[in-house]
Amino acid sequence: MNTLNTLKLTSFETGAAVDSKMQRRNKLANRIGEQIAAANAVAEGTVYLRVQGDKQRRVKHWFHAVDDKRWAVLVFYGSRQLELAKGKNAVECAGLAGVTGVLETLKAAVLAGELDAQITAAADALKKGF
């Protein structure tokens, strides 16, 4: 008996390749997701570690305390800090609890393509370094 006859065979076509804008959006959205997990860990008093290969690495926070009541949230693409609006590179929020909400909003903006120009500029600047 033929072994292949025991299997259910079908035809499959791979999906369309993702364009570079979508790849960049997804990369940044994943990094923002890590920041959301890191903010939740800080709120719980723990440390968020990302598994990279066989090692665990600490995630560098994009959010920093300005004073007792205010926090600033920055956005990076690679090592480049994104300018969210002309002359504005951070989002201010009230308390650590607000950081997660700001990061969720930023993630939605990235996936909607609202930061494509800034992401492209940062990616081009990073390419020049190689």
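**View 1. Strands E3 and E4 run antiparallel in this predicted model.** Start with strand E3, which covers residues 63-65, and follow the chain onward to E4. The two strands are held in register by 3 bridges. Want a landmark? Find His 64, then look across to Ala 72 in E4, which stands opposite. What joins E3 to E4, and through how many residues? That link is a hairpin, and 4 residues make it up.

**View 2. E4 also pairs with strand E7.** Now stay on E4 and look for E7, made of residues 90-94. This pairing is antiparallel too, and here there are 5 bridges. A handy pair to spot is Leu 74 with Ala 90 in E7, since the two stand opposite one another. So E4 has two pairings to trace: one with E3 and one with E7.

**View 3. Strand E4 is mostly covered.** Zoom in on residues 70-74, the stretch that forms E4. How many of these 5 residues are buried? The count is 4, where buried means under 20% relative accessible area. For the chain as a whole, 31% of the 130 residues count as buried.

**View 4. The largest pocket holds about 290 Å³ of space.** Its lining is made by 14 residues. Which of them lie nearest the centre of the pocket? Look for Arg 31, Arg 50, Trp 62, Phe 76 and Gly 78. Sorted by character, the lining has 6 charged residues, 5 nonpolar and 3 polar.

**View 5. Helix H1 gives the largest share of the pocket lining.** H1 spans residues 20-44, and 5 residues of the lining come from this helix. Strand E5, residues 76-77, is also part of the picture: H1 and E5 each supply at least two residues of the lining.

**View 6. Stepping back, the chain has 3 helices and 7 strands.** Trace the chain along its sequence and you get the pattern α-β-β-β-β-β-β-β-α-α. Take the contacts with a separation of 6 or more: 57% of them are between residues 24 or more positions apart. On the outside, the accessible surface adds up to about 9100 Å², and 52% of that belongs to carbon and sulfur atoms.

Key: Residues are numbered from 1 along each chain as its sequence is written. This is a predicted model: local features need pLDDT of at least 70, side-chain atom pairs count only at pLDDT 80 or more; totals for chains, interfaces and linings use all residues. Side-chain values use heavy atoms; hydrogens and water are left out. On a 1 Å grid over the protein atoms alone, a cavity is a set of points where a 1.4 Å probe fits but cannot get out, and a pocket is an open set with protein on both sides within 12 Å along at least five of seven lines; lining residues have an atom within 4 Å of a point. Grid points are joined across faces, edges and corners, and a volume is the space filled by probe spheres set on the points. Ala, Val, Leu, Ile, Met, Phe, Trp, Tyr, Cys and Pro count as nonpolar, Asp, Glu, Lys and Arg as charged, and the others, Gly among them, as polar. Buried means under 20% relative accessible area, exposed over 50%, partly exposed in between (1.4 Å probe, protein chains only). Two strands pair if DSSP finds at least two bridges between them. Contact means heavy atoms within 4.5 Å. Accessible areas come from the Shrake-Rupley method with a 1.4 Å probe; for residues, only the protein chains shown count as cover.
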